Amino acid sequence: MMLDPLFHRVDESIANATRSASRLAIVATLALLALGFATAAAHAYAMRTWGEIAGNLVLAGAFLFVALIVYLATKDSVPPETQARAAELEQSSFSQLPFVDQLFKPDGNLMRSIGSMAPVAAKAVAERVAPNLHLIIGAAIGLMLASKISEKLDSTKSPEA
């Protein structure tokens, strides 16, 4: 067929995007776990160094400072022309958009075509998940182990100083 090379490139792009997204999910999960343990260690250090009240205040101040830095760094990240277009779209009535009208009509052609595409989409998702199943299972097992370790640490009582 004439469009086969195009479909093949789209399939490769989707496979690469899925693979990189699953890797990113695993890396982000492990980074969040590391951040959680680092926060716990910082909390224990602050408690030991400055005491209960001052240690918690120091840690809260550090998180507030980081939040302020992130806020200021991302404050004007949306270009003004995007904000103007969004304001225009809010002012216009959504009923003027034919796509939205077709989407919400149960007897519309769009709903029928979306329903007929569901089996094809399910097959495409299954084909994309299969090569990355080991990453998905690894992430699930990692999260399960982290949850069990967290439960076990919460249930054990450490001796008070």
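## Order of elements

Read from the N terminus, the elements of the chain follow the order α-α-α-α-α-α, and the secondary structure amounts to six helices and zero strands. The model is a predicted one, and every value given below was computed from it.

## Burial, surface and contacts of the chain

The chain has 161 residues, of which 6% count as buried. Its exposed area comes to about 13,300 Å², with carbon and sulfur atoms supplying 70% of that area.

Among the contacts in the chain with a separation of 6 or more, 42% are accounted for by residues 24 or more positions apart. Several residues of helix α1, taken up one by one below, give examples of positions that are distant in sequence; one of them is Arg-19, which is 110 residues from Val-129 in sequence.

## Helix α1 and its partners

Arg-19 has its place in helix α1, and with a relative accessibility of 29% this residue counts as partly exposed, because the value falls between the 20% below which a residue is buried and the 50% above which it is exposed. The C-alpha atoms of Arg-19 and Val-129 are 8.9 Å apart in space, although the two residues are 110 residues apart in sequence.

Ser-22 also lies in helix α1. Its relative accessibility is 12%, and Ser-22 therefore counts as buried, since the cut-off for burial is under 20%. When residues up to four places away in sequence are not counted, Ser-22 touches Asn-132 and Leu-135.

Ile-26 is likewise placed in helix α1, and its relative accessible area of 21% makes this residue partly exposed, because burial requires a value under 20%. With its neighbours within four places in sequence left aside, Ile-26 is in contact with Leu-135 and Ala-139, so that Leu-135 is a partner of Ile-26 as well as of Ser-22. Ile-26 and Gly-142 are separated by 116 residues in sequence, while their C-alpha atoms are 8.8 Å apart in space.

## The largest pocket

The largest pocket holds about 170 Å³ of space. The elements that contribute two or more residues to its lining are α1 (4-50) and α6 (133-155), and α6 gives the most, with seven residues.

The residues that line this pocket are Leu-33, Phe-37, Gly-142, Leu-145, Ala-146, Ile-149, Ser-150, Leu-153 and Asp-154. Sorted by class, the lining consists of six nonpolar, two polar and one charged residues. Gly-142, which belongs to this lining, is also the residue whose C-alpha lies 8.8 Å from that of Ile-26.

## The aromatic pair

How many aromatic pairs does the count come to? The count comes to one aromatic pair, and its members are Tyr-45 and Trp-50. A pair of aromatic rings is described by the distance of the centres and the angle of the planes. For Tyr-45 and Trp-50, the ring centres are 6.3 Å apart and the planes stand at 80°, so the pair is edge-to-face, a class that applies to angles over 60 degrees.

Are the two residues buried or exposed? Tyr-45 has a relative accessibility of 51% and counts as exposed, because that value is over 50%, whereas Trp-50, with a relative accessible area of 46%, is partly exposed.

Terms used
Residues numbered from 1 in each chain as written. Predicted model: local features only at pLDDT ≥ 70, side-chain atom pairs only at ≥ 80, totals over all residues. Heavy atoms only, no water. Helix = DSSP H or I, 4+ residues; strand = E, 2+ residues; numbered from the N terminus. Buried < 20%, exposed > 50% of the residue type's maximum accessible area, 1.4 Å probe, protein only. Contact = heavy atoms within 4.5 Å. Areas by Shrake-Rupley, 256 points an atom, 1.4 Å probe, with all protein chains shown as cover. 1 Å grid on protein atoms, 1.4 Å probe; cavity = no way out; pocket = protein on both sides within 12 Å on 5 of 7 lines; lining within 4 Å. Points joined across faces, edges and corners; volume = space filled by probe spheres on them. Nonpolar A, V, L, I, M, F, W, Y, C, P; charged D, E, K, R; others polar. Phe/Tyr/Trp six-rings, centres within 6.5 Å; stacked < 30°, edge-to-face > 60°.
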